[in-house]
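User: Hi! I have a new model open on my screen and would like to learn how to read its features. Could you walk me through some of them?

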Amino acid sequence: MEFSELIKTATVENVLLSRSGLPAVRGTLCITSHHLLLSSCPRGDVELWLLIRNVDAVEKRVSGSSGTITLRCKDLKVLQLEIPGMEECLNIASSIEALSSVDSVMMMYPFFYRPPSLRLEQGWQLFPLERYFQRVASQTSQWRLSTVNRDFSTCPSYPPAVIVPAAVGDDTVTKAARFRQGGRFPVLSYFHPKNGTALLRSSQPLTGPNRRRCREDEKLLGTILDEGERGFIIDTRSAQAAKQARMSGGGTEPKSSYPQWRRLHRALDRGRALQESFIRLVEACSDPSLSMDRWLSRLESSRWLGHVKAALSTACLAAQCLDREDSNVLVHGAEGTDTTLLVTALAQLILDPSCRTLEGFQGLLEREWIEAGHPFQLRCARSASSHARGKQEAPLFLLFLDCVWQLSRQFPFSLEFGEQLLLTLFDNAYASAYGTFLCNNEKERSLCKVKESTHSLWAWLNQPEEKQQFLNPLYSHNPLVIWPSVEPQSIQLWQGLFLRWIRPSQHLDEAWVEIQRLVEGNIKESTGKRLSQPLPDPTAGTENER
């Protein structure tokens with residue numbers, strides 16, 4: 001397929017671009033294989049540079065000899081183009097629809113993007129699992145790094161290397177994988193050094209209606225508990241949903257086979273229910289005619305803040321079991337690629353201060369979302385405005401980012417990164433120039449040669465000239481566990497994302513720049529004072545010491 005076959009009209013003059021909160025601009029519209037460009041007349045400044053993959057829905061309205069195209073983007077931006085000529089309008093709309101619907105991974109923009117400041121190999125090996133395992137191995141000998149999945153045959157959605165109990169061999173792991181949906185056998189997600197407890201994740205066991213058993217799976221989970229110890233299985237489905245899953249071949253770990261494990265059900269919505277909630281919230285945020293009562297009613301009926309509360313509550317439960325109950329925890333739902341990762345990643349942010357640094361957070365995303373097999377291509381194929389209602393789209397990653405924003409609001413000094421990083425991650429998960437969020441798992445990325453043929457988002461983000469914008473100037477290292485409030489009054493709408501293109505942000509942006517300037521000035525001033533003071537006499541003690 002050639003991109004030129006999809007472009008019916010490449011250039012149109014005298015197009016009027018309208019955007020919320022900004023003055024309208026008239027200029028020349030151009031369509032390329034991956035971008036929509038508008039350069040203003042007569043100066044020729046580029047006013048719009050839109051990645052066509054970012055387009056979620058195209059709405060066209062023709063009136064007489066001209067037409068209007070409304071583009072609803074995956075990052076929630078809304079653009080309106082007034083195009084002279086009915087045929088040109090229809091051709092432009094058709095071209096954008098066709099280009100934005102190209103689903104071949106290797107035809108996407110990251111495979112063509114070549115910024116001069118980056119090398120292809122940069123960033124892809126910044127956060128290897130081997131480095132994380134070395135950290136775990138320095139604290140305990142109970143775990144080992146296994147390459148049982150090096151050819152992706154044991155579990156197609158796991159990475160080649162995983163961390164498993166040292167007491168079980170790869171044969172046991174392979175047999176346990178056959179007993180778990182999609183082969184997602186229990187693996188270590190996080191080791192809590194304070195008391196030596198472990199957070200694991202997997203998919204549901206395939207017990208089925210006949211309550212099938214797997215000795216190897218029982219052994220794998222049994223080896224991490226000493227005699228008399230108990231562990232908790234947090235199932236992110238309701239008890240009723242788990243029971244229904246057993247009728248179709250799935251199920252839960254029966255008490256008789258896993259006597260030391262206690263099961264807790266904490267139902268977290270995913271799939272269609274979560275997507276509809278996202279859509280209803282965006283529709284409410286985009287309606288300027290709402291009265292206060294109507295706005296509050298629509299915000300409540302979207303149920304989005306309820307999903308945020310439920311996710312944070314379940315993550316707190318997992319963290320509490322590890323930190324306060326001194327118990328190991330296994331998290332799974334059905335497939336183990338959605339709500340499971342949501343809970344394990346949030347629990348680590350709550351417990352581990354290293355995950356709250358800019359570098360540590362990137363490593364967490366790499367480990368718990370990307371390598372762990374969250375199907376980004378399926379879940380982020382459409383955003384909140386698409387007229388196509390697919391079965392696979394669901395904003396699980398956005399829900400995670402929203403929960404992280406709630407943590408950053410409640411603990412403004414404890415996260416080294418700010419809101420701008422979370423917004424950038426949201427934008428790039430749905431449409432990106434980088435290959436980091438392409439495909440659904442490491443096996444697909446390997447087949448498509450993503451790491452050999454595209455640039456890593458982390459390479460761009462960690463450049464000194466870019467990195468500064470993502471840092472939180474108020475950050476101060478906090479070694480403690482951060483326990484968020486999950487009371488309804490504490491959960492707030494993430495205005496920075498959901499109202500990003502609706503409210504004017506100029507004054508907020510200016511205030512943030514001023515905060516950064518003041519903080520940097522104070523740091524320089526305090527450093528200068530320290531340097532100007534005489535060094536203490538190492539032989540002199542304090543009054544009490546003498």
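**Reading the model, one feature at a time**

Analyst: Happy to, and let's begin with a single residue. Leaving out residues up to four places away in sequence, Leu-36 touches Leu-29, Cys-30, Ile-31, Leu-48, Trp-49, Leu-50, Ile-52, Leu-71, Leu-81 and Ile-96. Please keep in mind that this is a predicted model.

User: Where is Leu-36 found, and is Leu-36 buried or exposed?

Analyst: Leu-36 is found in strand β3, which covers residues 35-40. Its relative accessible area is 1%, and anything under 20% counts as buried, so Leu-36 is buried. For a sense of distance, pick Arg-263, 227 residues apart from Leu-36 along the chain: the two C-alpha atoms are separated by 52 Å.

User: What does Thr-70 contact, leaving aside its neighbours within four places in sequence?

Analyst: Thr-70 is in contact with Ala-57, Val-58, Glu-59, Val-78, Leu-79 and Gln-80, once those neighbours are set aside. Thr-70 is part of strand β6, residues 66-73. With a relative accessible area of 11%, Thr-70 is buried.

User: Now for the whole chain. How many helices and strands does the protein chain have?

Analyst: There are 19 helices and 14 strands in the protein chain. The radius of gyration is 26 Å, close to the 24 Å that the globule rule gives for 546 residues, so the chain is as compact as a globular protein of that length. Along the principal axes, the C-alpha atoms fill a box of roughly 80 × 75 × 50 Å. Of the 546 residues, 53% count as buried.

User: What share of the contacts with a separation of 6 or more comes from residues 24 or more positions apart?

Analyst: Such residues account for 70% of those contacts in the protein chain.

User: And what does the surface look like, in terms of area and atoms?

Analyst: About 25,000 Å² of the protein chain is exposed, and carbon and sulfur atoms supply 52% of that. As for charge, the chain has 62 positive and 61 negative side chains, with the centres of the two sets 6 Å apart.

User: How many disulfides are there?

Analyst: The general idea comes first: a disulfide is a covalent bond between the sulfur atoms of two cysteines. Taking a cut-off of 2.5 Å between the sulfur atoms, the count here comes to 0 disulfides. Cys-155 is in no disulfide, and the nearest cysteine sulfur, that of Cys-214, is 15 Å away. Cys-155 counts as buried, at 0% relative accessibility.

User: Why is Cys-321 without a bond to the closest cysteine sulfur?

Analyst: That closest sulfur belongs to Cys-316, and it is 11 Å from the sulfur of Cys-321, too far for a bond. Cys-321 also counts as buried, at 3% relative accessibility.

User: One last feature: backbone angles. Which phi does Asp-326 have?

Analyst: In general, most residues other than glycine have a negative phi. Asp-326 is not a glycine, yet has a positive phi of about 55°. Look for Asp-326 in the loop between α8 (304-323) and β14 (328-332). With a relative accessible area of 48%, Asp-326 is partly exposed.

User: And what is the phi of Cys-439?

Analyst: Cys-439 has a positive phi of about 70°, although it is not a glycine. Cys-439 is found in the loop between α13 (419-430) and α14 (442-447). At 1% relative accessibility, Cys-439 counts as buried, whereas Asp-326 is partly exposed.

Key:
Residues numbered from 1 in each chain as written. Heavy atoms only, no water. Helix = DSSP H or I, 4+ residues; strand = E, 2+ residues; numbered from the N terminus. Rg over C-alpha atoms; globule rule 2.2 N^0.38 Å. Buried < 20%, exposed > 50% of the residue type's maximum accessible area, 1.4 Å probe, protein only. Contact = heavy atoms within 4.5 Å. Areas by Shrake-Rupley, 256 points an atom, 1.4 Å probe, with all protein chains shown as cover. Lys, Arg positive; Asp, Glu negative; His and termini not counted. Charge placed at Lys NZ, Arg CZ, Asp CG, Glu CD.
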